[in-house]
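Thanks, everyone, for making the time this morning. I would like to take you through one model, starting with the whole chain and then settling on a single strand.

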Amino acid sequence: MTAAECRETLWRGNPRPWIERNLKIKDERFQLAPLIYDTSQQYYHERIFGEKGRPLLGGAPFEAFNLKDRKARWTTWTTALHFAYAKNVPGYSAIKFLFDDSTAEDVGKIFDLFWENLSEEERDPGKDQWDTHVKAFKHNPPSSVVFTTAKNHNMGRSRTFKVIDFDEMGKYEESYEQPMMASVANAMTTETWILKGSTSGGPKGLFYQDFLDIKTGKANTIYLFRPWFSRPENVLPQG
């Protein structure tokens, strides 16, 4: 698939070809390698985008709730989504909440790595504002991704976001959750996507309450469950 075909496919609601063609990340041996979807990422993609794709811009609002194990690569995958859309789509805007400042900085570095290893043909339109918390591209209008934490909830004020992404939500300090959600409520539009993902944080907090709402049918959300035993590499062969 050509570069132009990959971008067209992304616009139609399937970002996988563009991501696997253009993004690179360090593997378990710390060697640079293409970001080819593993079994967990294939599962996320199929549940969220489906066979025909799900337009992320100009489409209906959407919410996905993911209860996962520690190495299911949800964070890498969602960061790749943000990069793919911010890089290619004018006006794309996302905010990604992490559970502490160190993690927010580390995930921002994954975003930086995607840029550093991008081919020259994909460098257009180039970077705009680019620091620890905000990554923006020179589109018209600009596109951007904000990396922050629940305690820095004011970063979500006075903006609107196409995607609001709560990462490791079960680990947020409870005292920050309500102010964060109040800020987020003002940053949503009628087309905003919401992504919520976490390992288990115990029976407490907003993530647990969301889990109960989903399991009892109170929430209109796609529920994803990716436990450790669902991945082939964690299953011992029979015999």
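What follows is a short walk through this model, which, please keep in mind, is a predicted one.

Let me begin with the overall picture: the secondary structure of the protein chain comes to seven helices and 10 strands. The radius of gyration is 17 Å, close to the 18 Å that the globule rule gives for 239 residues, so the chain is as compact as a globular protein of that length. Of those 239 residues, 49% are buried, and if we take the contacts between residues at least 6 apart in sequence, 74% of them join residues at least 24 apart. As for the surface, the chain exposes about 12,000 Å², with carbon and sulfur atoms supplying 50% of that area.

Now to the strand I want to discuss, β9, which spans residues 193–198 and has six of its six residues buried. In a regular strand, side chains alternate between the two faces of the sheet. Here W193, L195 and G197 point one way, while I194, K196 and S198 point the other way, and all of them are buried.

Which strands pair with β9? One is β3, residues 62–68, which runs parallel to β9 and is joined to it by six bridges, with F62 having W193 as its bridge partner. Another is β8, residues 163–167, which also pairs with β9 in the parallel sense, over five bridges, and there D165 is partnered with L195.

Finally, the connection: β8, helix α6 at residues 174–185, and β9 together make a right-handed β-α-β unit.

How values were computed:
Residues numbered from 1 in each chain as written. Predicted model: local features only at pLDDT ≥ 70, side-chain atom pairs only at ≥ 80, totals over all residues. Heavy atoms only, no water. Buried < 20%, exposed > 50% of the residue type's maximum accessible area, 1.4 Å probe, protein only. Helix = DSSP H or I, 4+ residues; strand = E, 2+ residues; numbered from the N terminus. Pairing = 2+ DSSP bridges. Right-handed = clockwise from strand over helix to strand, strands pointing away. Rg over C-alpha atoms; globule rule 2.2 N^0.38 Å. Contact = heavy atoms within 4.5 Å. Areas by Shrake-Rupley, 256 points an atom, 1.4 Å probe, with all protein chains shown as cover.
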